[in-house]
Structure formats: structure tokens, C-alpha cells
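Dear colleague,

Please find below the structure that I am handing over to you. I would be grateful if you would look through it before reading the notes that come after it.

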Amino acid sequence: MLCTRLTNARFLTMDPDHPVAHELGIWRGRIVGLDDAVAALPAREVVDLQGATVLPGFIDSHVHLPWTGFKQNTASMAGCTRIEDALAVVAEAVAARNSPGSWVSVVGYDQRALGRHLTAAELDQVSQGHKLYVLHDSGHGCVVNTAVLDLLAADVPHENGFLAEGAMGAARALRLPYSQEELAQSIGRAARTCVAEGITACAEAGIGGALFGHTPVELGAYQLARDKGLLPLRVQLMVSADRLRPVAAHEADGIPRALDLGLRTGFGDDWLSVGALKIFTDGGMMARTAALSAPYEGMDHAGQLQDDPEVLTRSIVDGHLAGWQLAVHAIGDRAADVALDALEEAQRLRPRPDARHRIEHAGLIRPDQLPRFARLGIAAVVQPNFLRYFGDDYAAIMGEERAPWLYRGRGFLDHGITLVGSSDRPVTDGSPLRAVQFMVERASESGRLIGPDEGITVDEALYAYTVAGARACRWEDSAGSLTPGKRADLVVLGDDPRRVDVSAIGDIEVVATYVDGREAGKPAA
């Protein structure tokens with residue numbers, strides 16, 4: 001007997017052997033058959049989906065769940081366009097805290113909306129004896145007040161209180177880590193938001209590190225979230241490369257640095273597992289710290305690498321030698337050069353044809369870099385909603401020649417490069433459907449077309465969020481398509497993305513999300 005039979009729907013399976021179905025059978029969390037194979041079988045529950053469209057559950061291959069959850073519960077200056085309004089938000093957060101000497105956090109900071117950065121002196125005016133930490137929306141910078149600057153080493157660089165990249169990490173290190181309970185609750189809040197958007201699995205993009213980590217025992221917080229029933233979707237954890245340390249392993253292993261006990265990609269189960277090793281090579285475009293090969297349009301700098309190229313290369317090579325899948329953060333084209341050079345060197349030293357290495361973001365990729373991606377078998381994990389919401393700004397700072405190279409689609413696919421969709425939430429909106437819409441139409445919110453030749457088809461965009469996402473996370477045997485034997489993770493939509501006008505894809509209703517054969521949010525039978 002089936003546990004559940006879903007009927008009266010249009011199942012877009014993403015499986016070329018059976019591309020469309022109308023019945024789907026589930027037993028113990030797995031898909032056991034389609035159409036005639038299950039139509040006559042008895043089932044404990046039969047669900048009439050009333051003509052809905054069903055897809056494999058979306059896979060968001062690059063998210064930040066704790067940050068998302070904390071952002072949802074933290075004072076925010078998002079939407080402020082005047083300095084005085086932004087400072088008023090800070091003042092209100094300080095008044096609510098009312099504990100001089102303690103830390104007060106504010107999120108939603110974006111200097112572009114304000115016309116310039118806030119300064120430490122301005123924050124001092126509203127700090128009331130608190131330590132202020134105003135996080136940039138990119139996650140690659142913050143503004144702090146003098147009380148924080150006074151605690152930093154004299155050699156930590158800042159610009160009137162604005163700290164970027166490693167300097168921001170130095171400020172973060174001054175604060176006590178979050179507790180596992182706080183993190184678990186934050187993870188749960190963010191995970192519920194993901195599920196509401198049809199996401200059934202995601203990859204957390206960097207735990208335990210100086211830049212985005214929240215505690216040195218962060219993996220334990222995810223285990224706690226799962227133990228407490230707060231994890232309604234599957235999560236793969238990328239580990240920050242700065243957690244590696246020298247090990248005295250046998251010389252035959254060829255492992256210079258590793259996590260304790262040699263933990264690496266693949267450890268865990270269907271619900272919670274260790275994924276790629278996350279390595280940062282540069283910053284972000286919002287903060288103007290993405291490393292470019294030529295200066296930003298109208299500016300006198302070209303961003304920055306996170307470290308010397310030799311140091312970055314060593315981290316990438318050591319991670320490869322230790323057996324990890326690598327997820328290399330590279331937004332600017334100069335950073336991509338460093339990443340490609342290092343990955344090529346790593347494969348030369350120890351060939352691993354199925355390493356599944358990924359470049360996260362791949363925000364600005366020159367035409368000459370595309371063949372190298374393809375030759376090395378590297379997946380491009382992009383965030384289409386960056387251009388949907390920030391595209392006007394990004395196109396302006398790249399200039400006419402480089403703007404068409406931003407967050408490519410067609411260019412990757414035409415070179416045989418695996419194109420993977422993701423969000424980087426909470427940097428921007430996490431909806432896969434809105435991202436799919438952008439991947440096809442390449443239009444920002446203002447209607448500006450950005451690299452229209454990089455547009456792809458609806459089917460290709462859906463593939464990026466299902467089959468390609470599963471492959472990038474090494475889940476292709478159990479997820480990504482509605483194929484018998486795979487997990488019964490699926491999303492029920494109010495309309496068919498392939499049949500509506502492209503401009504309407506982002507507004508399609510997510511009717512229900514099933515994880516492990518059960519509708520998320522409903523108790524087990």
C-alpha cells in the first residue's frame with residue numbers, strides 16, 4: 001500500500017525518460033512510481049491536486065540560514081534614503097537595548113541608498129554608551145562606532161568606521177559567539193521561509209569561519225535544530241576553509257591540512273550533511289570589494305582579494321588534496337582568474353575528474369574565462385536575483401563593455417558549463433521563481449535589460465534550480481527530478497512556469513511544498 005498518491009496534476013518531472021506525469025505514488029518518503037504504475041494501487045491518503053503543476057523541490061545551492069533568521073529579528077534600516085533616518089533606526093535600537101556597554105546590531109545597511117557611508121562619529125551621536133555594529137547588506141562590510149574601533153588593533157584598516165572583509169571579521173571576533181539555541185531558532189525561522197517558497201533542500205554557504213561564522217561549534221547548532229524539529233528541509237553545510245589546520249597524517253595520504261579527524265565532503269545523511277569547503281577569494285559588488293581586472297567604472301580602484309594570490313592558491317590546493325569538493329567564492333573576474341589558476345594546479349597535482357568543484361557567484365566572467373570553466377569541469381553557482389534587484393547599479397559600475405558579462409546564463413550553457421541557481425539569501429530575495437523569471441528575461445526591476453543575450457529558456461532555468469542544483473550538491477541519485485527511487489521532495493505550483501507569460505513567473509503561487517513525502521508544516525500521520 002502506498003503512503004500517499006498525488007493525483008490530478010501536471011508533474012513536470014525533469015526526467016527525460018518520463019517528462020510529464022499525472023499521478024505520483026509515495027512510500028516511506030520515496031517516489032515509487034508514476035501514472036499507470038501507481039494509479040490503481042491503494043493508498044492511505046489520496047490527494048487531489050486539482051490540476052496544479054508540480055515540480056521537483058527547488059534546491060537553493062547557496063544560502064545563509066542563520067544570518068537570514070537573525071536578520072528577520074533585528075532592527076533594520078532597509079529602505080532608508082537619508083542619513084538622519086538611518087541614524088534614527090540606530091537610536092531606536094539603542095533605546096530598546098538600554099544596556100550601556102553591550103552590543104547593538106542593526107541590519108539593512110546599504111551606502112548606495114544613502115549616497116555615502118555612515119561614519120563612526122555619526123554613530124557615536126546615538127550610541128548612548130553601546131557598541132554599535134551596523135551590517136552591510138552584502139555581508140562584506142560593516143560600520144561601527146568609536147567604542148568598537150577603540151577595541152581593535154591599530155593595524156586594522158577602516159574608513160571613518162567602515163570595515164570591509166577581514167577588518168569586519170576582526171570586529172566580529174570581539175563579540176561573544178551566538179549560543180547554539182539562538183542559532184537553532186534562527187535557522188528554523190529561515191528554513192520555514194525557504195519551504196514557503198518551494199525550496200526542499202539548500203546548501204549553507206560557510207559555517208565556522210571568520211567572515212560568516214557565528215560560533216566555533218556551528219555545526220552543532222544545526223544538529224540541535226534538527227533534534228528540536230526546527231529543520232523542515234534538507235541542509236548541506238559548507239565549511240569555511242579557515243577551519244582547516246595542519247595535520248600529521250601519513251605521507252601517503254598527501255593531506256597537508258584538514259578538519260579534525262579528516263572530516264570532509266560527504267559526511268552525514270539525507271537531512272544534514274557536510275558539503276563543500278568554502279573559500280573566499282574576494283568581496284562583493286555591493287560593497288565595491290569584488291576583485292576586478294580593471295577599475296570599477298568611474299572609480300579609482302578595482303576591489304580587493306581576500307589575501308595574497310599565493311595564500312589563496314594554497315588554501316584551494318590543500319582543500320583539494322584533502323579530498324574536499326571546493327566552493328570558491330569569486331565574484332570579480334580577477335578573483336575568478338585566481339580561482340581558475342588554483343583549481344587547475346590542484347587537478348594537476350592530484351587529478352579528481354569528479355571533484356565537482358564550484359565557483360560561487362561567478363559574478364563577472366570574461367569571454368576568455370568561459371573555456372577554462374568548461375575544461376576544468378567547474379560549475380557556476382549564480383544568483384540571478386542580484387541582477388533583478390541590483391542590476392541597474394551593477395551595470396553602471398561595470399560599464400557598457402562588461403555589463404553583459406554579469407551573472408551569465410547562456411554563455412555558461414553554450415560552453416557546456418553546469419549552471420546552478422541560488423539566492424545567497426538574505427543578501428536579496430530568495431524566491432526561485434523570481435530568479436527563474438530573471439534568468440529568462442534578464443530584466444531588472446526598472447525594466448532595464450542586462451546582458452539580454454545571456455537569457456536562457458524557462459526549462460533551462462528550472463533545470464538550474466532542480467537537476468543542476470542536485471548535481472552541484474552531489475545529490476543527483478536522490479533529488480532533482482521526480483524519478484522513482486528518489487526522495488519525494490516536490491513543490492506544488494498554482495500555474496505552469498512554462499505556460500504563463502515570462503513576466504508572470506515570479507508571481508506564481510507556491511501552493512504546497514512536500515519534503516520526504518509529507519506536506520511541510522503538517523504533522524506526520
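The following notes set out what was found, beginning with the chain as a whole and then turning to its strands and helices.

Please bear in mind that this is a predicted model. The protein chain contains 16 helices and 21 strands. Its C-alpha atoms occupy a box of roughly 75 × 55 × 50 Å along the principal axes. For 525 residues, a compact globule would be expected to have a radius of gyration near 24 Å; the protein chain has 23 Å, and the value therefore agrees with that expectation.

The main sheet to look for is an open one made of eight strands, which follow one another in the order 5-10-11-14-15-16-17-18 with parallel pairing. Strand 5 (58–63) and strand 18 (419–421) lie at its edges; each has a single partner strand, so one side of each has no neighbour in the sheet. On average, neighbouring strands of this sheet are turned by 25 degrees against each other, direction ignored. One pairing within the order may serve as an example: strand 16 (residues 358–361) and strand 17 (residues 379–382) are joined in the parallel sense over three bridges. There, R358 is found opposite A379 of strand 17.

Antiparallel pairing is found at the beginning of the chain. Strand 1 (residues 2–12) pairs with strand 2 (residues 20–27) in the antiparallel sense, over six bridges, and F11 has A21 in strand 2 as its bridge partner. Strand 2 in turn pairs with strand 3 (residues 30–34), again antiparallel, over four bridges; here L24 has L34 of strand 3 as its bridge partner. Strand 2 and strand 3 make a hairpin with two residues between them, and R28 in the turn has a positive phi of about 50 degrees.

Two helix packings also deserve your attention. Two packed helices are described by the angle between their axes and the distance between the axes.

In the first case, helix 1 (residues 65–72) packs against helix 7 (residues 180–196) at an angle of about 90 degrees, and their axes are 7 Å apart. Helix 1 and helix 7 are therefore roughly perpendicular to each other. Helix 1 contributes L65, P66, T68, G69, F70 and Q72 to the contact, while helix 7 contributes E182, L183, S186, I187, R189, A190, A191, T193 and C194. Sorted by class, the residues in the contact of helix 1 with helix 7 are eight nonpolar, five polar and two charged.

In the second case, the axes of helix 2 (residues 83–97) and helix 4 (residues 120–127) come within 9 Å and cross at roughly 40 degrees. Because of this angle, helix 2 counts as oblique to helix 4. The crossing of helix 2 past helix 4 is right-handed. I83, L87, V90, A91 and V94 of helix 2 meet E122, L123, V126 and S127 of helix 4 in this contact. By class, the contact of helix 2 with helix 4 comprises seven nonpolar residues, one polar residue and one charged residue.

With kind regards

How values were computed:
Residues are numbered from 1 along each chain as its sequence is written. This is a predicted model: local features need pLDDT of at least 70, side-chain atom pairs count only at pLDDT 80 or more; totals for chains, interfaces and linings use all residues. Side-chain values use heavy atoms; hydrogens and water are left out. Two strands pair if DSSP finds at least two bridges between them. Axes are lines fitted to C-alpha atoms, for helices over the stretch in contact, and angles run from 0 to 180 degrees between N-to-C directions. Angles under 35 degrees count as roughly parallel, over 145 as roughly antiparallel, 65 to 115 as roughly perpendicular and the rest as oblique. A crossing is left-handed if the near helix is turned anticlockwise from the far one by less than a right angle, and right-handed if clockwise. Contact means heavy atoms within 4.5 Å. Ala, Val, Leu, Ile, Met, Phe, Trp, Tyr, Cys and Pro count as nonpolar, Asp, Glu, Lys and Arg as charged, and the others, Gly among them, as polar. The radius of gyration is taken over C-alpha atoms; the globule rule is 2.2 Å times the number of residues to the power 0.38.
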